[in-house]
Amino acid sequence: MKLTDIQDKVQSSFFKEHQKKLYQSLEDKHTTVEELDDGDPLTTKMVLNMGPQHPATHGVLRLVLQLDGETIEKCKVDIGYLHRGVEKIAENKTYQEFMPYTDRMDYLSPYSNNVALCTAVEKIANVEVPERAHYIRMIGCELARISSHLLWLGTMVMDAGAVSFFIWTFKEREKIYDIMDRIAGHRFTVSHARVGGVANDITDEAMASIKEFVETFPNEIRDYHKLLDRNRIFFDRNEAVGVLKTEDALNSGATGPVLRATGYPLDIRKFSPYLRYNDVEFKVPTRLEGDNLARYYVRMEEMSESIRIIRQCIDKLPTGPIRTDNAKQAYPSKDEVYYSMEGMIHDFMMTDTGICPPDGAEAYHAVESPKGELGYYIQSDGTGHPWRLKINAPSFTNLQVLENMLDGEMVADTVVIIGGVDPVLGEADK
Amino acid sequence: MSLELSEHLQNTVESLTETFSDKVLNVYQSSGDTFVLVDADSVVDICKHLKKELHYVYLSDIFAIDRYTSEERFEVVYNLLSLKNPTRLFLKVRCEEESPELDSVTGVWPSASWNEREVFDMFGIHFRNHPDLRRIYMPEDFQYYPLRKEFPLLGIPGSIELPSSTPDTE
């Protein structure tokens, strides 16, 4: 398939230069390997555009696949359809003003994004966080991980053909939404973490619903296992599909469950522990096969581990303040704001100027989000706005893996492999 | 300023200063992270050395910073992980404002490809020997580099083609 042929047929009316370069790049991929091109007498070759408005691509992912019959010869991934320039926005906002934007990055696990930003700001500005806030954040992060993995599970099994399963996982997600509603006051975009702590304490009602969830959810996991672990169709669709070899995994830059499914136990919670992950016990599940089924096992075990972490957090949850009591570093509590003049002035100053890390300071802090390593690099110029804020998004790195993983697979497996990698385009496109 | 380095970082810094004595320009720490500023011309050699000899096998990220200074305006940072001894190292290089160019490290870590495309897209820094240097977020038809400090937050009107709001009545 030559570029000129594609160009003649496509006649793109929009972003002409972009389309041309994309098809050119597709043509150039692996050119050293093949080029025994004797035309295409059987006309089995075609270029297939999948996305950006394809329901199975989990957002606005665009794949350009060159097919030979049903096999994908090579593939290029085109992203950027959801690019909002949040790094540019961040440079023009104070740190806590920017925090709600992080909800909209990986919108399947907003809590871990909030925590990722806040821990990075706390690191650069040397903010002490009270013990209780650490544990509340951990509970929130692990709930977010379960919620995100449940969506992955539902959609991936749906991509493999079982539609009703999606409803069952969403039943459980709905419970997590309700818990988030009780913790933070929002179901979806929670914005619960604050620089220096969290917005409000866990109420008894919220705690009761968390406890109930922790009790009932393991039964659900058991049911999922019952349904899938010996399911012939599920195995046939996932086993040896989308294989990432162990020796390629580090070079390809995979992160999160995709990397752990190839055998590397790289988990930021163990690599450089943050919050209080040092004080709880959990395992980092790994597999060696690197295929879609291995990713399924890794994520399922991670959900069980998350439940284990939440249980320990509930047991250890100390009493005390939930936000640091320093007017230069965090918002004062609402009691103080409403009933004292100083409190109100501090509240105003925090909103107007915000927290000011020292001039020239730099910090990078990463957390293990459900998708992998989510890191925030911040460089400060001494004002309330970051000079540079860089988001190291796990979906972005995993999509690069996807581009090379798809080569040689069957076109019918594309959606399953995308489901297995579990990208969120809001995060990958920033 | 004295540095508080873990054992592996100490080894790293010593090995780098030994092997590339005049290429390592500065070693400093900020908020507990270690940054090594090196000469831009030998970045590929240093990266090879870091990967082969010092086990920095995993490239987590590459990003750029617009320092907005008259000299050496752009800074590119490599975020490296060593899994053998849990360490994170930041390698920095600087380049000039006029036609900024760097050597690509895709030969050392293939995963650098998309990260370098992102730096190119956002800051206009070219990477020599990059296999597929295209824009990644913005379309190729876009002519500006949005994360440079002089680019306005609201964008430049007319810089990007928008779809017709009435596609049927062309």
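## Exercises on a predicted two-chain model

Val121(A) touches Tyr95(A), Val195(A), Ile355(A) and Ile378(A), leaving aside residues up to four places away in sequence. The exercises below refer to a predicted model.

**Exercise 1.** Determine which residues have the most contacts inside the largest nonpolar core, and where this core lies with respect to domain 1 and domain 2 of chain A.

*Solution.*
1. The largest nonpolar core has 156 residues, and Val121(A) and Leu402(A) have the most contacts inside it.
2. Helix H6 (residues 131-159) of chain A contributes the largest share of this core, 15 residues.
3. Both domain 1 (3-78) and domain 2 (86-324 + 354-428) of chain A give residues to the core, which therefore lies between them.

**Exercise 2.** Describe the side of chain A that touches chain B, by element and by residue class.

*Solution.*
1. The contact involves 38 residues of chain A and 32 residues of chain B.
2. Elements of chain A that each supply at least two residues to this side include helix H5 (110-125), strand S7 (372-380) and helix H16 (394-405).
3. H2(A) gives the most, with five residues.
4. Sorted by class, this side of chain A has twelve nonpolar, 15 polar and eleven charged residues.

**Exercise 3.** Characterise the fold of chain B from its secondary structure, dimensions and contacts.

*Solution.*
1. Chain B has three helices and seven strands, arranged along the sequence as α-β-β-α-β-β-β-β-α-β.
2. Its C-alpha atoms fill a box of roughly 70 × 30 × 30 Å along the principal axes.
3. Of the 170 residues in chain B, 38% are buried.
4. Among contacts in chain B with a separation of 6 or more, 50% join residues 24 or more positions apart.

Definitions and conventions:
Residues numbered from 1 in each chain as written. Chains lettered and ligands numbered in written order. Predicted model: local features only at pLDDT ≥ 70, side-chain atom pairs only at ≥ 80, totals over all residues. Core = buried A, V, L, I, M, F, W, Y, C linked by C-beta atoms within 7 Å. Buried ≥ 20, exposed ≤ 12 C-beta atoms within 10 Å, placed from the backbone. Helix = DSSP H or I, 4+ residues; strand = E, 2+ residues; numbered from the N terminus. Domains from an automatic or database assignment. Contact = placed C-beta atoms within 7 Å. Nonpolar A, V, L, I, M, F, W, Y, C, P; charged D, E, K, R; others polar.
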